[in-house]
Amino acid sequence: MKVISVIASPRKSGNCSSIVKRITEGLKDNNHSNSIYYIDEMNISPCQGCKSCKPLEGRAPSKCIINDDFLKVISELEKSDALIFAAPNYFSEINAQGKIFMDRFYSMTKKVNKKLLGKKCIIIFTYGAPMGSCDKYIYKRSKIFESIGLDVIEIMSIGNNIPTSNHEKTEEVMDIAYNIGLNL
């Protein structure tokens, strides 16, 4: 199985990255691969709302016309079996990098990109607030991934700055992450 991960956190040793790396260990132990992309290292422009991607005035729907790294990531996803998306939440909202990436989904609907239909998706949101306090927001955000045809099979809502905080649940969370990778 070929998996790609998109990490919205600019911190390569932060919570999102640590959890994705643990999932990757499980993937590798099951002979799967994972290519990791950090949004902060890519050139991804925000959606311009130009609607060039939408079927207006008899025009067929198309891919986004902004030629940047977002299209490269989506092209890789089309060739992969699953997506892992990890983003930190600041003040109970997704960070800016994650928001820009997800806003570009505007150009992708189930009618436009059938190559994504049914591909597995794991979503990871980390935050400093107590565990569970951002669940409503996170589950709402997961619907955006479903709107482009992905099958969201796991949502990790990880609070208390786990795993970098050495919280009492850190080991449990990292075991869950490993098993997600192992069983994907």
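**Exercise 1.** In this predicted model, work out how far apart the closest N and O atoms of the Asp-69 and Lys-72 salt bridge are, and whether each partner is buried or exposed.

*Solution.* Start with the pair itself: the closest N and O atoms of Asp-69 and Lys-72 are 3.2 Å apart, giving a salt bridge. Next, place them. Both sit in helix 2, three residues apart, so about one helical turn separates them. Now check accessibility. Asp-69 has a relative accessible area of 17%, so it is buried, as the limit for that is under 20%. Lys-72 has 54%, so it falls on the exposed side, over 50%.

**Exercise 2.** Find which residues join Glu-76 in a salt-bridge network, and say which elements Glu-76 and Lys-2 belong to.

*Solution.* Salt bridges with shared partners tie Lys-2, Glu-76 and Lys-79 into one network. Take the link between Glu-76 and Lys-2: their side chains meet at 3.2 Å, N to O. Then look at the chain: Glu-76 is in helix 2 and Lys-2 in strand 1, 74 residues apart, so this pair links distant parts. Lys-2 comes out as partly exposed, because its relative accessibility is 28%.

**Exercise 3.** Trace the surroundings of Leu-150: what is it in contact with, beyond its neighbours within four places in sequence?

*Solution.* List the contacts: Leu-77, Leu-83, Leu-116, Lys-119, Cys-121 and Phe-145. Then turn to the largest nonpolar core, which has 31 residues; Leu-150 is one of those with the most contacts inside it, and Leu-83 and Phe-145 are also among them. Helix 2 supplies the largest share of this core, four residues. Finally, the C-alpha atoms of Leu-150 and Leu-117 lie 5.6 Å apart, though 33 residues separate them along the chain.

Technical notes. Residues are numbered from 1 along each chain as its sequence is written. This is a predicted model: local features need pLDDT of at least 70, side-chain atom pairs count only at pLDDT 80 or more; totals for chains, interfaces and linings use all residues. Side-chain values use heavy atoms; hydrogens and water are left out. A nonpolar core is a set of buried Ala, Val, Leu, Ile, Met, Phe, Trp, Tyr and Cys residues joined through side-chain atoms within 4.5 Å. Buried means under 20% relative accessible area, exposed over 50%, partly exposed in between (1.4 Å probe, protein chains only). Helices (H or I, at least four residues) and strands (E, at least two) are DSSP runs, numbered from the N terminus. Contact means heavy atoms within 4.5 Å. A salt bridge is a side-chain nitrogen of Lys or Arg within 4 Å of a carboxyl oxygen of Asp or Glu.
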